[in-house]
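Biologist: Shall we go through this model together? I would like to hear the reasoning behind the words used for it.

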Amino acid sequence: MHWRYRLRKQQLLDECEIPPEVFRGGLERLAAFARPFAACLVRQEQRDHARTYLAGLVSDLKHKTAESIAYRHDRDRHGLQHFVGSSTWDHRPLLRELAGQVGREIGTPEGVIVFDPSGFAKKGKASAGVQRQWLGRLGKVDNGQVGVFMAYASYLEHALVDVRLYLPKAWAKDRARRKQCGIPKAVRYRTRHELALEMLAETGPLLPHGWVTGDDEMGRSSRFRAELRRLNERYLLAVPSNTTIRDLEGEASEWSGRGPHPKRAFEQVRAWSGSLPPRAWRRIEVGDGERGPQFVELVATRVVARTDRGRIGPEELLVVIRSHEEGGATKHDYYLSSAPAGTLPGVLARVAKAEHRVERGLQRGKSEAGLAESQVRTWSGWHHHQALSLIATWFLVQEARRGGKGDPGIDGAAGASRAGVAAAGGVRV
């Protein structure tokens with residue numbers, strides 16, 4: 001390590017609020033951690049580059065690009081940029097190793113697999129998959145790329161385990177841009193839901209789980225929910241507030257004595273929940289916060305919903321969770337589930353909470369492991385960078401769990417942002 005980085009490391013340790021013993025041996029742990037991932041690569045040069053890149057991603061660098069990482073380690077930037085951007089190594093074995101580790105170390109039978117499309121704002125039009133499109137994490141239509149992430153959550157921790165780049169239809173049909181960005185011929189247009197199902201088939205068996213969940217972009221598709229039912233996957237998926245349902249348990253109009261018995265009319269879920277009396281809601285504790293126990297209110301009923309084609313779907317469980325935020329605002333989250341009617345409200349609230357935990361996982365990856373700092377334009381380069389960033393984020397998770405200090409995450413797990421990592425010549429606190 002260069003002397004100036006040793007000096008800066010000591011300065012940071014002197015200012016650290018966490019005992020320095022937490023960080024000692026960080027470089028050695030990182031080397032041991034990287035070994036099984038590096039072993040997935042064919043050439044020694046690739047293994048060396050992978051270790052260097054991982055060290056840079058978990059370091060205190062402000063901008064975690066190939067160029068800045070190379071400068072930190074006194075390496076040739078062209079070699080590292082080639083390794084990430086255009087070298088022909090397969091990232092999938094590394095992600096299988098990652099999922100296997102996550103499943104073994106934090107897996108539980110009632111674990112939750114979470115799917116979340118996340119947008120990355122980008123300038124220009126040359127990078128693979130970039131166009132004006134809905135970027136859910138930013139909450140608007142903008143120029144950028146969309147990655148469909150697969151994550152895993154249990155009562156022990158949560159981690160990102162897999163990812164696919166969404167390729168819009170315009171890109172899938174554009175031979176010139178495909179060639180320029182090195183998009184393989186075998187890659188065809190896939191919806192974000194189809195990408196999620198591909199990951200579930202490939203990675204799901206490595207993750208013990210009892211539930212599948214996701215945000216309302218995932219849950220709005222009745223076809224996606226139907227496919228999960230076909231796979232015998234129990235789901236709790238968020239849906240938009242204008243989702244149209246018929247309550248199968250609520251009172252319908254009085255029967256006139258002639259013809260079929262009347263059925264309750266279809267209505268939007270926000271209207272249905274807004275008409276409920278106060279006694280319909282059940283108060284549930286969902287964890288500890290800075291100011292004491294946290295509570296939500298939940299109601300559930302059996303419904304049928306309109307499908308994507310306007311038909312009437314099968315019976316599902318509608319779950320509405322409302323929470324009171326600072327400032328007095330009330331937030332409602334709506335879900336459709338394949339769970340049986342007798343599922344305990346506390347279980348439903350726990351699974352719904354897992355979907356929000358992954359939002360923090362994405363924030364952790366973007367803020368601490370360079371997840372959003374890819375500067376490559378190629379198809380393989382994007383997946384290379386994302387795979388290594390997910391792996392780096394998993395290392396941060398393990399360091400946070402080992403340290404056992406810092407800001408508590410969901411369910412009391414330590415936050416990597418405060419636990420710190422001693423790696424690559426710097427300590428992040």
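**Reasons behind the labels**

Modeller: Gladly, and let us start with one residue: leaving aside residues up to four places away in sequence, His 49 touches Gly 79, Leu 80 and Phe 83. Keep in mind that this is a predicted model.

Biologist: Where does His 49 sit, and why is His 49 called buried?

Modeller: His 49 belongs to helix α3, residues 44-57. The relative accessible area of His 49 is 14%, and buried means under 20%, so His 49 counts as buried.

Biologist: Which residues of helix α5 are buried, and what do they pack against?

Modeller: In α5, residues 77-85, the buried ones are Leu 80, Phe 83, Val 84 and Gly 85. They pack against α3, α4 (66-72) and α14 (379-403). Leu 80 and Phe 83 are also among the residues that His 49 touches.

Biologist: Next, the helix pairs. What makes α2 oblique to α6?

Modeller: Helix α2 (residues 26-38) and helix α6 (residues 92-106) pack at an angle of about 125°, and their axes are 9 Å apart. Roughly perpendicular covers 65 to 115 degrees and roughly antiparallel begins over 145, so α2 is oblique to α6.

Biologist: Which residues make that contact, and of what classes are they?

Modeller: From α2 come Phe 33, Pro 36 and Phe 37, and from α6 come Leu 94, Glu 97, Leu 98 and Gln 101. By class, this contact has five nonpolar, one polar and one charged residues.

Biologist: How do you know that α2 and α14 are oblique to each other?

Modeller: The reasoning runs along similar lines. Their angle is about 135°, with axes 11 Å apart. Roughly antiparallel needs over 145 degrees, and roughly perpendicular stops at 115, so α2 and α14 are oblique to each other.

Biologist: Is the crossing of α2 and α14 left-handed or right-handed, and which residues are in contact?

Modeller: The crossing of α2 and α14 is right-handed. On the α2 side the contact is made by Gly 26, Arg 29, Leu 30, Phe 33 and Phe 37, and on the α14 side by Ile 391, Trp 394, Phe 395, Gln 398, Glu 399 and Arg 402. These residues divide into six nonpolar, two polar and three charged. Phe 33 and Phe 37 of α2 also take part in the contact with α6.

Biologist: What about Gln 386: how do you know that Gln 386 is buried?

Modeller: Gln 386 lies in helix α14. Its relative accessibility is 1%, and the limit for buried is under 20%, so Gln 386 counts as buried. Beyond residues up to four places away in sequence, Gln 386 touches Phe 120, Phe 149, Val 163 and Leu 371.

Biologist: And what makes Ala 352 buried?

Modeller: Ala 352 is found in helix α13, residues 345-368. The relative accessible area of Ala 352 is 3%; buried means under 20%, so Ala 352 is buried. Setting aside residues up to four places away in sequence, Ala 352 touches Leu 236, Ile 321 and Tyr 335. Ala 352 and Tyr 335 are 17 residues apart in sequence, and 8.4 Å apart from C-alpha to C-alpha.

Biologist: Stepping back to the chain, how many helices and strands are there, and what share of the residues is buried?

Modeller: The chain has 15 helices and 14 strands, and buried residues make up 51% of its 429 residues.

Technical notes: Residues numbered from 1 in each chain as written. Predicted model: local features only at pLDDT ≥ 70, side-chain atom pairs only at ≥ 80, totals over all residues. Heavy atoms only, no water. Helix = DSSP H or I, 4+ residues; strand = E, 2+ residues; numbered from the N terminus. Buried < 20%, exposed > 50% of the residue type's maximum accessible area, 1.4 Å probe, protein only. Contact = heavy atoms within 4.5 Å. Axes fitted to C-alpha atoms, helices over the stretch in contact; angles between N-to-C directions. Parallel < 35°, antiparallel > 145°, perpendicular 65-115°, else oblique. Nonpolar A, V, L, I, M, F, W, Y, C, P; charged D, E, K, R; others polar. Left-handed = near helix turned anticlockwise from the far one by under 90°.
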